[in-house]
Amino acid sequence: MSTKASRSAARLMLAPAVILLLGWMLVPLTMTLIFSFQRYLPLRGGFQGWVGFENYVRFVTSSAFWPSVQATVIIVGGVLLITVTLGILLAILLDQPMWGQGMVRILVIAPFFVMPTVSGLVWKNMFMDPNNGLLSHLWRSFGADPIIWLSDVSMLSIVLIVSWQWLPFATLILLTAIQSLDSEQLEAAEMDGAPVLSRFWHIILPHLSRAITIVILIQTIFLLAIFAEIFVTTQGAFGTRTLTYLIFQRVLESQNVGLGSAGGIYAVILANIFALLLMRIVGKNLDR
Amino acid sequence: MGQIVLEQVTKSFGEVTVIPPLDLTIEDGEFTVFVGPSGCGKSTLLRLIAGLEDVTSGEIRIDGRPSASIPPAKRGLAMVFQSYALYPHMTVRKNIAFPLRMAGLDKTEQDRRVKQAAAVLNLTDYLDRRPGQLSGGQRQRVAIGRAIVREPAAFLFDEPLSNLDAALRVGMRLEISELHNRLKTTMIYVTHDQVEAMTMADKIVVLRAGHIEQVGSPLELYRAPRNLFVAGFIGSPRMNLIEGPEAAKHDATTIGIRPEHISISAEEGRWSGVVGVSEHLGSDTFFHVHQTGLAESITVRADGEVSFKHGDRIHMTPRDDMIHRFDDKGSRIA
């Protein structure tokens with residue numbers, strides 16, 4: 001790829017992909033930006049003039065805004081906490097030699113292949129249903145009153161469903177990280193008088209720190225945008241309205257495209273701030 | 001104190017017996033080297049002593065105490081691993097202090113011992129670096145430092161020099177020997193390199209397939225190898241082994257003669273052959289002589305200044321008092 005001809009040929013051949021990707025990203029982003037400065041109500045008169053930053057002000061001053069930020073933070077934080085903690089434990093467990101290791105690993109990874117909509121519906125109807133759900137049967141078999149999951153502990157329910165989906169991802173990445181740990185290091189620590197817990201704390205956990213940062217980074221970016229799980233279960237009711245869901249409601253339920261677009265731009269900015277922050281942390285971690 | 005006694009120790013992994021019953025005594029303060037080809041069970045033996053593997057049967061006594069129920073950390077042994085096994089996220093200081101921290105020593109005492117060890121090992125300037133920023137030799141020294149600070153009853157070395165380049169290996173060999181002279185602690189050293197074994201050991205244990213072939217001082221093994229395996233393993237270049245009529249003249253199935261015990265001449269000698277490759281080391285020259293009618297090739301050591309060319313016909317005379325005789329089972333005939 002050094003001659004002039006081959007370089008321009010390369011550019012020519014890359015162009016379709018680059019143009020497609022740019023278009024895919026830039027067109028919706030630009031449209032969102034344009035809409036966000038308009039008063040645009042498709043079913044109530046359509047375009048009604050430019051309004052400057054009014055949509056932006058209205059979006060953040062609405063009474064639904066801060067609760068939705070809070071809900072987002074709780075869901076992202078809760079899922080990260082559960083998936084990383086359980087992911088580490090599962091990874092250590094799966095790293096032990098055992099019979100049927102390959103089969104068990106595939107089973108552990110399986111939830112990741114289930115579509116979010118499907119897993120939300122399965123959890124809602126087969127596990128958390130107050131009348132026929134497996135969990136309510138379990139509660140009743142102990143003589144307890146079944147929990148009405150999705151309305152009484154709606155936040156916990158959503159966090160559980162999403163955690164179930166993302167646990168395989170965390171486990172998989174952490175498992176490969178654990179497998180790269182030199183067993184002589186653990187033996188050296190054992191000879192040095194470190195009991196099991198100290199070995200975990202001083203050797204295994206620092207070894208995993210890089211993988212953990214990556215898990216947190218990737219999951220956060222995806223978790224900020226979860227939608228299907230909420231849509232098919234609570235529909236944003238009972239305090240489960242996240243920022244993403246709020247934007248959806250503004251655009252499709254209130255049919256206020258301008259207001260929703262302003263929210264969308266906020267979400268883009270927020271996600272980018274977060275991504276940059278995490279990138280710097282990861283970068284620092286990867287330098288070592 | 002650091003006397004280690006192995007009594008009828010065996011080790012099997014499932015169906016495979018790695019160590020058949022084995023007895024061995026390592027005296028306090030001795031530098032013992034386990035040597036043998038790869039897969040001979042020498043590392044397994046070391047790990048059994050360390051407690052990283054359980055013995056299948058038999059008993060290991062450290063200072064007279066049966067060790068079966070004592071966990072590795074409590075045996076008072078320190079181990080240096082082949083990969084050094086340093087903790088990559090800790091500085092050199094923290095690496096060396098780790099066993100002390102685990103033992104719950106107070107900070108000032110930890111610091112004092114780390115400084116002392118660092119001074120002994122020339123690591124003082126590197127205490128705040130991480131293992132990734134050190135050279136191979138320095139990492140090796142950190143690993144040794146981590147072993148020293150515990151003031152163990154015995155050191156266990158598992159092929160510690162095999163990842164170093166040749167020049168560094170010679171240097172570290174000296175350093176470890178110096179360390180032993182200074183500390184006078186029992187050391188057990190595993191290697192497949194007979195040069196390391198010869199130069200460092202007070203006592204060499206030659207192992208093959210889990211069996212002890214011979215135990216003795218380096219010179220005992222050199223002068224009187226008990227069988228063909230030890231004869232071939234100890235000494236560099238290898239001893240020449242000759243079978244057939246020439247061996248029969250000495251009432252043996254096989255005779256062995258070391259390259260350094262054969263004199264060489266252009267005119268006359270008991271044996272003759274054609275020079276193949278000659279290796280000039282400066283101080284010595286090794287000739288590989290072919291077409292002798294005795295063995296496929298005979299190695300001869302000569303003075304560095306002797307120069308025969310490829311294809312020259314030369315004559316060789318072995319020193320009769322240096323001929324080792326072995327019977328049909330490969331055992332030495334006294």
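**Exercise 1. Find how strands S14 and S17 of chain B pair, then place them in their sheet.**

Step 1. Strand S14 (residues 271-280) of chain B and strand S17 (residues 313-318) of chain B run antiparallel and are joined by 4 bridges. Strands, and helices too, are DSSP runs numbered from the N terminus: helices are H or I with at least four residues, strands are E with at least two. Two strands pair if DSSP finds at least two bridges between them.

Step 2. Note the source of the model. It is predicted, so local features need pLDDT of at least 70 and side-chain atom pairs count only at pLDDT 80 or more, while totals for chains, interfaces and linings use all residues. Residues are numbered from 1 along each chain as its sequence is written, and chains are lettered from A and ligands numbered from 1 in the order in which they are written.

Step 3. Look for one facing pair. B:Gly273 stands opposite B:Ile314 in S17(B).

Step 4. Widen the view. The open sheet has 5 strands of chain B, in the order S13-S17-S14-S15-S16, with antiparallel pairing. Strand S13 (262-265) and strand S16 (298-303) of chain B are at the edges with a single partner strand each, so one side of each has no neighbour in the sheet. From one strand to the next, the twist averages 45 degrees. Axes for such angles are lines fitted to C-alpha atoms, for helices over the stretch in contact, and angles run from 0 to 180 degrees between N-to-C directions.

**Exercise 2. Decide whether strand S3 of chain B is buried or exposed, and name its partner strands.**

Step 1. Apply the cut-offs. A residue is buried if 20 or more other C-beta atoms lie within 10 Å of its own, exposed if 12 or fewer, and partly exposed in between, with C-beta atoms placed from the backbone.

Step 2. Count. In strand S3 (residues 31-35) of chain B, 5 of the 5 residues are buried, so the strand is largely enclosed by the rest of the structure.

Step 3. Check each face. B:Phe31, B:Val33 and B:Val35 are buried on one side of S3(B), and B:Thr32 and B:Phe34 are buried on the other.

Step 4. Find the partners. Strand S8 (residues 186-191) of chain B runs parallel to S3(B), with 5 bridges between them. Here B:Met187 is the bridge partner of B:Phe31. Strand S9 (residues 203-208) of chain B also pairs with S3(B) in the parallel sense, over 4 bridges. B:Lys203 in S9(B) stands opposite B:Thr32.

**Exercise 3. Follow B:Phe34 into the nonpolar core.**

Step 1. List contacts. Two residues are in contact if their C-beta atoms, placed from the backbone, lie within 7 Å. Beyond its neighbours within four places in sequence, B:Phe34 is in contact with residues including B:Lys42, B:Leu45, B:Leu46 and B:Ile188.

Step 2. Look at helix H1 (residues 42-50) of chain B. Its buried residues include B:Lys42, B:Leu45 and B:Leu46. Just after H1(B), B:Gly51 has a positive phi of about 95 degrees.

Step 3. Find the core. A nonpolar core is a set of buried Ala, Val, Leu, Ile, Met, Phe, Trp, Tyr and Cys residues joined through C-beta atoms within 7 Å. The largest has 88 residues, and B:Val33, B:Phe34 and B:Ile188 are among those with the most contacts inside it. At least three of its residues come from each of domain 1 (4-231) and domain 2 (237-326) of chain B. Domain bounds come from an automatic or database domain assignment.

**Exercise 4. Describe the two domains of chain B and where they touch.**

Step 1. Take the distance. The centres of domain 1 and domain 2 of chain B, taken over C-alpha atoms, are 38 Å apart.

Step 2. Count the contact. Domain 1 of chain B gives 4 residues and domain 2 of chain B gives 6 residues.

Step 3. Sort the domain 1 side by class. It has 3 nonpolar, 1 polar and no charged residues. Ala, Val, Leu, Ile, Met, Phe, Trp, Tyr, Cys and Pro count as nonpolar, Asp, Glu, Lys and Arg as charged, and the others, Gly among them, as polar.

**Exercise 5. Classify B:Pro218.**

Step 1. Place the residue. B:Pro218 is in helix H7 (residues 218-223) of chain B.

Step 2. Use the count. B:Pro218 has 18 C-beta neighbours inside 10 Å, so the residue counts as partly exposed.
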